[in-house]
Amino acid sequence: MNKMSKKLTRGISREFAEAFKKCELYKLYQNYKDELYLGVRNESLNLYYNCDSIPEIRYDKRTRQIVCKIDKYYLDGIHYEGGAKEKIYKTDPTEICQKIDLIKYNSDHQSDTIKNQKKEKKAQSKLVLLNNANKDSHWYCVDIEYKKGFPSKAERMEADFDGRFDIIALSKATPHRLAIIELKYGS
């Protein structure tokens, strides 16, 4: 592995976890557990509503603060045509918590061009949340919107693989089994 490659893991540091537990986003997640899903990434967390990442959460080691990135659409309802600089907004946990109702509204009311896709994502989210809340379920959904990690963007391009899986689930009983689930909604 060259020096520029990222370490491929799923997880966050203990310091990040402790900071997150003290952060108002953690309280938001606890209060909306029936609607929100917390995905663990490579040194980041994604808080999902209807399988929309609202926001990506990181820990700034230098400032020892939780920082967030969110698609501006969820804050202002405007779809941006430009690249990430125009579309992605850096913010703090307080703004996300203060605007959660607006964020949820914008997620729920996306344009007609993606309404069918949104129905599928809402169904996917509901399935995962209800399954994981069911103590009698034989499976536990451990991830949504799973995307194979690559050490670098160049290696992702070389592999020519940009797919993702809707749901990754593990059986609760031994021997443990893995399920990769692709959900389709409608006819």
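Let me start at Ala169, which stands opposite Ala179 in strand β8, where strands are DSSP runs of E with at least two residues, and helices runs of H or I with at least four, both numbered from the N terminus. Strand β8, residues 178-181, runs antiparallel to β7 and is joined to β7 by four bridges, two strands being taken as paired if DSSP finds at least two bridges between them. A hairpin of six residues makes the connection from β7 to β8. On the other pairing of β7, residues 164-171, seven bridges join this strand to the antiparallel β6, residues 139-147, and there Ile144 stands opposite Ile167.

Before going on, I should say that this is a predicted model, in which local features need pLDDT of at least 70 and side-chain atom pairs count only at pLDDT 80 or more, while totals for chains, interfaces and linings use all residues. Residues are numbered from 1 along each chain as its sequence is written, and side-chain values use heavy atoms, with hydrogens and water left out.

Now to the open sheet, whose five strands follow the order β1-β2-β3-β4-β5 with antiparallel pairing. Strands β1 (36-40) and β5 (88-91) stand at its edges with a single partner strand each, so each has one side without a neighbour in the sheet. On average, and ignoring direction, neighbouring strands here are turned by 25 degrees against each other. Within this sheet, β3 (residues 52-60) and β4 (residues 65-71) are joined by five bridges, and Tyr59 stands opposite Ile66 in β4.

Two helices pack on this sheet, contact meaning heavy atoms within 4.5 Å. Helix α1, residues 14-22, touches β1, β2, β3 and β4, and its direction makes about 120 degrees with that of β3; helix α2, residues 24-31, touches β1, β2, β3 and β4 as well, at about 130 degrees to the direction of β1. For these angles, axes are lines fitted to C-alpha atoms, for helices over the stretch in contact, and the range is 0 to 180 degrees between N-to-C directions.

What about the aromatic pairs? There are five in the structure, a pair being rings of Phe, Tyr or Trp (its six-membered ring) with centres within 6.5 Å, called stacked with planes under 30 degrees apart, edge-to-face over 60 and tilted for the rest. Tyr37 and Tyr48 have ring centres 6.5 Å apart and planes at 45 degrees, so this pair is tilted; it links Tyr37 in β1 to Tyr48 in β2, 11 residues apart. Both Tyr37 and Tyr48 are buried, that is, under 20% relative accessible area, against over 50% for exposed and in between for partly exposed, with a 1.4 Å probe and protein chains only. Tyr73 and Tyr74 form an edge-to-face pair, 5.4 Å centre to centre with 80 degrees between the planes; Tyr73 is buried at 5%, and Tyr74 at 9%.
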